[in-house]
Amino acid sequence: MKSLRKTAAAALVSSVIMGAAQAEISNDEIRIGYLADMSGTYRDLSGPGGLEALQMAIEDFGGTVNGKKIVTFNADDLNKPDVGANTVRQWIDERNVDMVTGMVASSVVLAAAKVVEQGGKLALISGAAASSITNEYCAPSHIHWTYDTFALANGTANAVLKDGGKSWFILTADYAFGHAMENDIKKVVEAEGGSVVGTVRHPFPSSDFSSYILQAQGSGADVVALANAGADTVNSLKTASEFGVTQSGQKLAGMVVFLNDIHAMGLDVTQGLMLTTGWYWDMNEETRAWAKRYQDRVGRMPGMVPAGIYSATMHYLNAVKETGSDDAQVVRAQMAKTPVNDMFAKNGKIREDGRMVHDMYLVQVKTPEESKGEWDLYKIVSTIPGDEAFRPIGESQCQQMAPKG
């Protein structure tokens, strides 16, 4: 792994030196593509709200970088890898897009990120969860910003294990993200002396979770873990509530739960649920101020994904400004050497594998009695330092950072 770090560092330094001699903004514009689920299962996770966060960043930056206009394009990927990949290919080939962001469904991200790599551009992935994005599928052309399955499993599963949940049943979305989440849960549970007594995978997306919840109840596991997200998680939790899962003595662990999910279901259904998040709107004055601006524009408080999109975009634009270039590797090198200090993260850092490392937060959903307002939903139980939250670089399978040849 030391050789990976050395070769990666050497490649980045070389890119900076080469780029400095040819620093320029192609087409006299900075062109950004926003790719996300705008109409389906993950619409509320990112969708139009994430696009609004991107626009906020561009407006806060002044709409230009060193006098060059910032132009955006956006598209609905329909949660289909081929649609996402073809859209990005068209953006690169016909519109010379410099950077692609949003990026939610992991299967779409893996397909689109390959096109970004082939086109010599940059992807800032803020919505997707699969930790494989910076593990076996790492590449020097993308950065994973907001959270991942390793950090979520590490935070939530450890907390539930410490609370006595030793045997687990996992309900998994049957695609790249769900598989990564399932594997990361298993590793954490088994490392801490627990066991996974059963798993079941459901199609993505799904609407009827009755049979899956019945299997989970029949397993007798202490914990039913939901390795899905968005509307699938909402429907799973509602079904579990209807079937009396927690009333019968089992614990529910929502492994990928977002603020909008809790708000949609209400505290009567979700109270007491433990989950891990990369950001919460009510952490401090800085987060509250940004969240209020977002709420005024969108009509709801932001979760961690829109906040991550804003943060990643601002960091990117600052790097373009500093280097005077929109060359992907020149900008990435500048981003990597600059700590992330904004309303999203303090002292965040971009590793060689493309993982943006920052603190994560273990939170518990408040009871209706504890909540003081519509969006007063979480209480922070503990802060998980970034170096503990994310996969250690020494355990990474990332090999693509080394120069080819």
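Reader: What makes β14 and strand β15 a pair?

Author: Six bridges join β14 to β15 (residues 378-384). Pairing needs at least two bridges, so β14 and β15 qualify. The two strands run antiparallel. Bear in mind that this is a predicted model. Two of the bridges can be named. Glutamine 364 has lysine 379 of β15 as its bridge partner. Valine 363 is bridged to isoleucine 380 in β15.

Reader: How do you know that strand β11 and β14 pair, and which way do they run?

Author: Four bridges join β11 (residues 274-277) to β14. The cut-off is at least two, so this is a pair as well. Its direction is antiparallel. Leucine 275 is bridged to valine 363 of β14.

Reader: What is the order of the three strands in the open sheet?

Author: The order is β11-β14-β15, with antiparallel pairing. β11 and β15 are the edge strands, because each has a single partner strand. One side of each therefore has no neighbour in the sheet. On average, neighbouring strands are turned by 30° against each other, direction ignored.

Reader: Why is β14 called largely enclosed?

Author: Count its residues. β14 spans residues 360-365, and five of its six residues are buried. The rest of the structure therefore largely encloses β14.

Reader: Why does valine 363 count as buried?

Author: Valine 363 lies in β14. Its relative accessibility is 0%. Buried means under 20%, so valine 363 meets the cut-off.

Reader: What does valine 363 touch beyond its neighbours within four places in sequence?

Author: Its contacts are Leu273, Met274, Leu275, Thr277, Tyr378, Lys379, Ile380 and Val381. Take Met274 from that list. Valine 363 and methionine 274 are 89 residues apart along the chain, yet 5.9 Å separates their C-alpha atoms.

Reader: Which helix lies across β11, β14 and β15, and at what angle does it run to β11?

Author: That is α5, at about 155° to β11. Over 145 degrees counts as roughly antiparallel, so α5 and β11 are roughly antiparallel.

Reader: Is threonine 156 buried or exposed, and how do you know?

Author: Threonine 156 is part of helix α5 (residues 149-162). Its relative accessibility is 0%. The limit for buried is under 20%, so threonine 156 is buried. Beyond neighbours within four places in sequence, threonine 156 is in contact with Gly254, Met255, Met274, Leu275, Thr276 and Leu362.

Reader: How do you know that strand β9 and strand β10 pair?

Author: Four bridges join β9 (residues 223-227) to β10 (residues 251-254). At least two are required, so the pair stands. These strands run parallel. Valine 223 has lysine 251 of β10 as its bridge partner.

Reader: Which elements make the β-α-β unit, and what is its handedness?

Author: β9, helix α8 (residues 231-242) and β10 make the unit, and it is right-handed. Look with the strands pointing away from you. The path from the first strand over the helix to the second then runs clockwise, which means right-handed.

Reader: Why are α11 and α12 described by the angle they make, and what is the verdict?

Author: The axes of α11 (residues 285-298) and α12 come within 12 Å and cross at roughly 105°. The range 65 to 115 degrees counts as roughly perpendicular, so α11 and α12 are roughly perpendicular. Trp290, Arg293 and Tyr294 in α11 meet Pro306, Ala307 and Tyr310 in α12.

Reader: How many residues has the largest nonpolar core, and which have the most contacts inside it?

Author: The core has 133 residues. Trp168, Ile185, Met255, Ile262, Tyr316 and Met335 have the most contacts inside it. Helix α12 (residues 304-323) gives the most to this core, with 11 residues. Methionine 335 touches, among others, Ala312, His315, Tyr316 and Ala319.

Reader: What makes leucine 78 partly exposed?

Author: Its relative accessibility is 44%. Partly exposed lies between the limits of 20% and 50%, so leucine 78 fits. Leucine 78 sits in the loop between β3 (68-76) and α3 (81-95). Its phi is near 60°, a positive value in a residue other than glycine.

Reader: Why is asparagine 96 called partly exposed?

Author: Asparagine 96 is at 21% relative accessibility. Buried is under 20%, so asparagine 96 counts as partly exposed. Asparagine 96 is in the loop between α3 and β4 (99-102). Its phi is positive, about 50°, although it is not a glycine.

Technical notes:
Residues are numbered from 1 along each chain as its sequence is written. This is a predicted model: local features need pLDDT of at least 70, side-chain atom pairs count only at pLDDT 80 or more; totals for chains, interfaces and linings use all residues. Side-chain values use heavy atoms; hydrogens and water are left out. Buried means under 20% relative accessible area, exposed over 50%, partly exposed in between (1.4 Å probe, protein chains only). Contact means heavy atoms within 4.5 Å. A nonpolar core is a set of buried Ala, Val, Leu, Ile, Met, Phe, Trp, Tyr and Cys residues joined through side-chain atoms within 4.5 Å. Axes are lines fitted to C-alpha atoms, for helices over the stretch in contact, and angles run from 0 to 180 degrees between N-to-C directions. Angles under 35 degrees count as roughly parallel, over 145 as roughly antiparallel, 65 to 115 as roughly perpendicular and the rest as oblique.
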